[in-house]
Amino acid sequence: MVVIIGGGLAGLSTAYHLGDADYVVLESESTPGGLCRSREIDGFIFDYTGHLLHLRDPRAIKLVEELLPGELAETARKAVIRSQGVTLPFPYQANLHGLPPEFVARCIVEFVKSLDREVPKDPATSFEDWALSVFGRGICDGFMFPYNEKLFRRKPADMTADWVSWAVPKPNLEEVVRGATGVTNTGMGYNATFRYPAAGGIGVLPAALARRVEHLRCDCPVTAVDLDAREVTLASGERLAYDKLVVTAPLPAFLAMTSGGGLDWPSHTPRLDASVVACLNLGIAREGLGDGAHWIYFPDDDVPFYRAGFPSNFSDAVAPPGTSSMYVEIGLRKDDAYDPERLTADMERGLRDAGLLLPRDTILVRDLVRVDPGYVIFDRSRQEAIAELVPALEKHDVHLIGRYGAWTYSYMERAILDGLETAASLHLAQE
Ligand SMILES: Cc1cc2nc3c(=O)[nH]c(=O)nc-3n(C[C@H](O)[C@H](O)[C@H](O)COP(=O)(O)OP(=O)(O)OC[C@H]3O[C@@H](n4cnc5c(N)ncnc54)[C@H](O)[C@@H]3O)c2cc1C
């Protein structure tokens with residue numbers, strides 16, 4: 001019996017790919033889908049902040065197209081950055097034109113100097129050292145450091161760089177010079193295009209997958225795991241035996257409820273840290289919010305949020321006629337005070353200051369969502385903990401997958417592939 005903790009994309013994909021095998025998915029919430037759910041409020045459909053599909057792997061593309069035939073629109077990203085009073089195309093490092101000329105000159109000179117530097121390969125390298133060696137000080141001071149500090153709520157010197165490989169576009173000299181002189185570099189990075197459901201929000205994807213998963217039990221939070229007895233306990237007190245355990249629930253929470261196996265698992269939870277995302281969803285009584293942009297990055301200190309996005313520019317069907325929708329994200333440390341009224345007021349003030357909300361705008365829906373954990377913090381403590389815990393748990397047939405089970409920085413396609421690859425390895429183990 002395979003017990004899968006969590007019915008988000010990773011857990012559902014594992015179950016789907018296990019086919020006829022003996023398995024059960026245990027999901028604590030009343031609906032499956034995890035972070036990829038959507039919900040409707042007064043005619044607006046909101047995701048848990050923007051969730052756009054960036055598919056590259058043929059296995060994921062095939063599955064998604066089978067699940068949602070003809071239901072996904074593919075769109076070229078329109079993402080911009082607002083900084084120092086100007087709006088630049090994304091990515092910053094390859095589109096500096098418009099920033100103050102002195103600053104642009106500094107960025108280019110320091111980028112050129114960085115070309116002689118070797119990019120550090122040691123996994124313990126800090127994000128600060130990595131970014132300085134790749135971009136030079138100007139681009140780091142203008143975007144890399146302030147943006148990532150707002151997102152992760154950590155100093156660049158206190159993070160490692162082992163999350164950057166796919167997430168941060170690295171332009172060459174020609175691209176930097178062209179971008180700095182006004183030739184827009186488009187199409188760079190992992191998210192140059194995206195797919196999004198024509199109707200229903202991103203939640204239609206996990207919903208379609210869940211319909212093909214026979215043994216899914218919702219409202220079933222797992223509260224304890226005994227590695228010696230190979231047994232999970234549910235909040236109801238029910239116990240279920242397993243041969244293999246697939247964990248997509250957040251790793252620190254899993255460690256906190258685990259016993260047996262000769263290790264004090266809960267004592268390892270403080271080694272794993274994450275930020276919290278406060279996401280304010282807004283429904284506005286005005287069409288065309290965001291001027292066609294899909295999302296905007298805000299690296300500067302004087303804006304409280306790091307990103308704002310416009311779901312009604314991803315799909316017409318997520319907002320009623322004559323309206324627009326928007327989400328705004330603030331990064332918090334997990335022990336920061338969480339005061340919904342203050343957060344909402346700060347974000348709305350920031351939106352008015354940035355001119356995204358006009359004095360005459362009527363807000364039809366306000367919906368503040370706490371995403372906890374939000375972004376895993378990459379640091380040495382995480383590196384050491386993962387290196388010890390993954391093999392130690394594998395010895396007990398525990399597989400850690402998904403964004404939070406594997407405690408990593410990943411995305412929906414990776415969650416789907418984690419499930420597919422885990423199911424294949426479990427099938428092999430049974431043969
Ligand atoms: C702010 C933000 C924006 C993002 N934007 C994008 C994007 O644009 N594109 C993209 O591809 N990806 C994006 N992602 C990443 C994407 O959300 C994840 O990679 C993906 O949803 C992870 O799926 P998962 O199944 O691994 O985890 P989850 O969706 O977190 O699923 C885990 C499940 O486990 C359940 N669970 C937890 N504890 C228990 C328990 N004790 N017992 C039973 N069940 C439990 C939870 O309820 C949940 O349903 C974003 C993430 C964030 C935070």
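**Exercise 1. Find the loop that holds Pro-91, then work out what is unusual about the peptide bond before this residue.**

Step 1: Pro-91 sits in the loop between strand 7 (86-89) and helix 3 (101-114). Keep in mind that we're working with a predicted model here.

Step 2: Check omega for the bond that joins Phe-90 and Pro-91. It is about 0°, and the peptide bond is cis.

Step 3: Put that in context: most residues other than glycine have a negative phi, and most peptide bonds are trans.

Step 4: Look for another case. The bond from Asp-372 to Pro-373 is cis too, with omega near 0°. Pro-373 belongs to the loop between strand 19 (363-371) and helix 11 (380-394).

**Exercise 2. Locate Asp-219 and Arg-230, and say whether phi is positive or negative in each.**

Step 1: Start with Asp-219, in the loop between strand 9 and strand 10. Its phi is near 55°, a positive value in a residue that isn't glycine.

Step 2: Move on to Arg-230, in the loop between strand 10 and strand 11 (231-234). Phi of Arg-230 is near 50°, again positive and again not in a glycine.

Step 3: Now for the surroundings. Asp-219 has 13 C-beta neighbours inside 10 Å, so this residue counts as partly exposed. Arg-230 has 19 other C-beta atoms within 10 Å and is partly exposed as well. The cut-off for buried is 20 or more.

**Exercise 3. Work out the strand order of the sheet that contains strand 1, and pick out its edge strands.**

Step 1: Read off the order, which is 9-2-1-13-20. These 5 strands form an open sheet with parallel pairing.

Step 2: Go to the ends. Strand 9 and strand 20 (398-400) are the edge strands, each pairing on one side only.

Step 3: Zoom in on one pair. Strand 1 (residues 2-5) and strand 13 (residues 244-247) run parallel and are joined by 4 bridges. Within that pair, Ile-5 has Val-247 as its bridge partner.

**Exercise 4. Do the same for the sheet that contains strand 10: which strands stand at the edges?**

Step 1: The order is 12-11-10-14, an open sheet of 4 strands, and this time the pairing is mixed.

Step 2: Strand 12 (239-241) and strand 14 (258-259) stand at the edges. Each has a single partner strand, so one side of each has no neighbour in the sheet.

Step 3: Take the pair of strand 10 (residues 222-226) and strand 14. They run parallel, with 2 bridges between them. Val-225 finds its bridge partner in Thr-258 of strand 14.

**Exercise 5. Is helix 8 mostly covered or mostly open, and what packs against its buried residues?**

Step 1: Count the buried residues. Helix 8 (residues 204-211) has 6 of its 8 residues buried, so "mostly covered" is the answer.

Step 2: Name them: Val-204, Leu-205, Pro-206, Ala-207, Leu-209 and Ala-210.

Step 3: Find the cover. It includes helix 1, helix 2 (58-67), strand 8 (193-197) and strand 9 (216-217).

**Exercise 6. Which residues have the most contacts inside the largest nonpolar core?**

Step 1: The largest nonpolar core holds 125 residues, and Ile-4 and Ala-15 have the most contacts inside it.

Step 2: List the contacts of Ala-15. Leaving out residues up to four places away in sequence, Ala-15 touches Ile-4, Tyr-23, Val-25, Val-213, His-215 and Leu-216.

Step 3: For background, nonpolar side chains tend to be buried together in soluble globular proteins.

**Exercise 7. Describe the shell around the ligand: which residues come nearest, and which elements contribute?**

Step 1: There are 35 residues around the ligand, and Gly-6, Gly-8, Gly-34, Gly-402 and Tyr-411 come nearest.

Step 2: The elements giving two or more residues to this shell are helix 1 (9-18), helix 12 (402-405) and helix 13 (412-430).

Step 3: Sort the shell by type and you get 18 nonpolar, 14 polar and 3 charged residues.

**Exercise 8. Judge how compact the whole chain is from its radius of gyration.**

Step 1: Take stock of the secondary structure: 13 helices and 20 strands in the protein chain.

Step 2: The radius of gyration is 22 Å, close to the 22 Å from the globule rule for 431 residues, so the chain is as compact as a globular protein of that length.

Step 3: Add the burial figure. Buried residues account for 46% of the 431 residues.

Step 4: Finish with contacts. Of those between residues at least 6 apart in sequence, 73% join residues at least 24 apart.

Key: Residues are numbered from 1 along each chain as its sequence is written. This is a predicted model: local features need pLDDT of at least 70, side-chain atom pairs count only at pLDDT 80 or more; totals for chains, interfaces and linings use all residues. A residue is near a molecule or strand if its C-beta atom, placed from the backbone, lies within 6 Å of it. Ala, Val, Leu, Ile, Met, Phe, Trp, Tyr, Cys and Pro count as nonpolar, Asp, Glu, Lys and Arg as charged, and the others, Gly among them, as polar. Two strands pair if DSSP finds at least two bridges between them. A nonpolar core is a set of buried Ala, Val, Leu, Ile, Met, Phe, Trp, Tyr and Cys residues joined through C-beta atoms within 7 Å. A residue is buried if 20 or more other C-beta atoms lie within 10 Å of its own, exposed if 12 or fewer, and partly exposed in between; C-beta atoms are placed from the backbone. Two residues are in contact if their C-beta atoms, placed from the backbone, lie within 7 Å. The radius of gyration is taken over C-alpha atoms; the globule rule is 2.2 Å times the number of residues to the power 0.38.
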